[in-house]
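Hello,

Here is the structure I promised to pass on to you. Please have a look at it first, and then read my notes below.

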Amino acid sequence: MSRKPKLKVFMSVDMEGISGIVHGSQTGGEPAEYEKGRALMAGDVNAAIEGVLAVDEGTEIVVSDGHSGMRNLKVEDVHEAATLVRGSPKPLTQMEGMDRDFDAVLFIGYHAKKGTRHGILDHTISGGVIDSITINGLEVGETGINAAIVGYYGVPLVFLSGDKAVTKEAEALVPGITTVAVKEAVSRTAAKCLHPKKARELIKRGVTEALKRRATKPFVFKPPIEVRISYMNSLMADAVEFMPFVERIDGRIIGFVFDDYIKVFRAARASIYLAGAVS
């Protein structure tokens, strides 16, 4: 009897929602603290990989490093069962490597959208550039933006780990998703944190359960897809207004419409690069 086809799992990894991380010094702001943050990040990632392998040791696993310059995970620190996508720029940024061949997607170390009360290091893509992003009337952070990339390819997002605020955000967007809260904020830069060992046990178990269930449906925005991006100041919107497909809504807000979500995503990212260049 021939063996059933092995699973293929994609994992997108950010840093602010990793176990034990509560401050920007740990995500790149201070060398010694950043090295500790990188080690914590690898620990959560490897726990998730072990959770995948507990379902099927032959699973193909792709991990995309999605924080800042996207060179946070050291290749030698990531479980050898996975392929690591790292570096920047990447056309799909945090989701680079994603396609229709995957069976499920996991988000590890994610954070809440900008302005979320009790969200550790909350922001949306670029804290110094973006005030808010709204798609088809729904304000979204990186969880929603990237979940829609997963949905574009017809794949279910089945698991997310991060702080308690982002787990609530994910559960509201994707009914049936399995989440693990590794910390609960008391302010933007302080939290009650689980011990990393306990957090990793929960991540491993949660990933295994999520992959066995795969109870979610792909999250999608139906076309036409209307986007509104509010920048931190009007100069940024002045620069983005040069893009031929945008409409200036007011001093800080631009808008555009596409039928294809990947075009939406790339246009939004291009606008952020442009706005950041004049900031």
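A word on terms before the notes: a cavity here is a set of grid points where a 1.4 Å probe fits but cannot get out, and its volume is the space filled by probe spheres set on those points. Please also keep in mind that this is a predicted model.

Let me start with the enclosed space. Searching the whole structure turns up one cavity of 30 Å³ or more, and about 60 Å³ of space lies in it. Its lining is made up of I125, I133, I135, I145, V227, Y261, V264, F265, A268 and R269. Two elements, β5 (130-135) and α6, each give two or more residues to that lining. Helix α6 gives the most, with five residues. Sorted by class, the lining has nine nonpolar residues, no polar ones and one charged one.

Now to the open side. The largest pocket has a volume of about 280 Å³. It is lined by 17 residues, and those nearest its centre are G66, H67, S68, I125 and R269. What is the make-up of this lining by class? Four of its residues are nonpolar, nine are polar and four are charged. Helix α6 (residues 261-277) again comes up here, giving the most to the pocket lining with three residues. I125 and R269 are worth a look on your screen: both are among the residues nearest the pocket centre, and both also line the cavity.

Next, the packing. In soluble globular proteins, nonpolar side chains tend to be buried together. In this model the largest nonpolar core has 51 residues, of which M95, Y231 and Y261 touch the most other members. The largest share of this core comes from α6, with eight residues. And which residues does Y261 touch, leaving out those up to four places away in sequence? They are I135, G144, I145, A148, I149, Y152, F221 and I225. Of these contacts, I135 and I145 line the cavity, as does Y261 itself. Apart from this core lies another one, of 38 residues, with V9, L73, A199 and I203 among them.

Finally, some backbone details that you may want to check by eye. There is a cis peptide bond from S88 to P89, with omega near 5 degrees. P89 sits in the loop between β3 (82-85) and β4 (104-110). Another cis peptide bond joins P223 and P224, where omega is about 0 degrees. P224 belongs to the loop between α4 (196-213) and β10 (225-231).

Two residues have a positive phi although they are not glycines: for S68 phi is about 50 degrees, and for N136 phi is also about 50 degrees. S68 is found in the loop between β2 (60-65) and β3, while N136 is in the loop between β5 and β6 (138-140). Are these two residues buried or exposed? S68 has a relative accessible area of 59%, which is over the 50% cut-off, so S68 counts as exposed. N136 has a relative accessible area of 34%, between the 20% and 50% limits, and is therefore partly exposed. S68 also takes us back to the pocket, as one of the residues nearest its centre.

I hope this helps you find your way around. Do write back with any questions.

Best wishes

Conventions: Residues numbered from 1 in each chain as written. Predicted model: local features only at pLDDT ≥ 70, side-chain atom pairs only at ≥ 80, totals over all residues. Heavy atoms only, no water. 1 Å grid on protein atoms, 1.4 Å probe; cavity = no way out; pocket = protein on both sides within 12 Å on 5 of 7 lines; lining within 4 Å. Helix = DSSP H or I, 4+ residues; strand = E, 2+ residues; numbered from the N terminus. Nonpolar A, V, L, I, M, F, W, Y, C, P; charged D, E, K, R; others polar. Core = buried A, V, L, I, M, F, W, Y, C linked by side-chain atoms within 4.5 Å. Buried < 20%, exposed > 50% of the residue type's maximum accessible area, 1.4 Å probe, protein only. Contact = heavy atoms within 4.5 Å.
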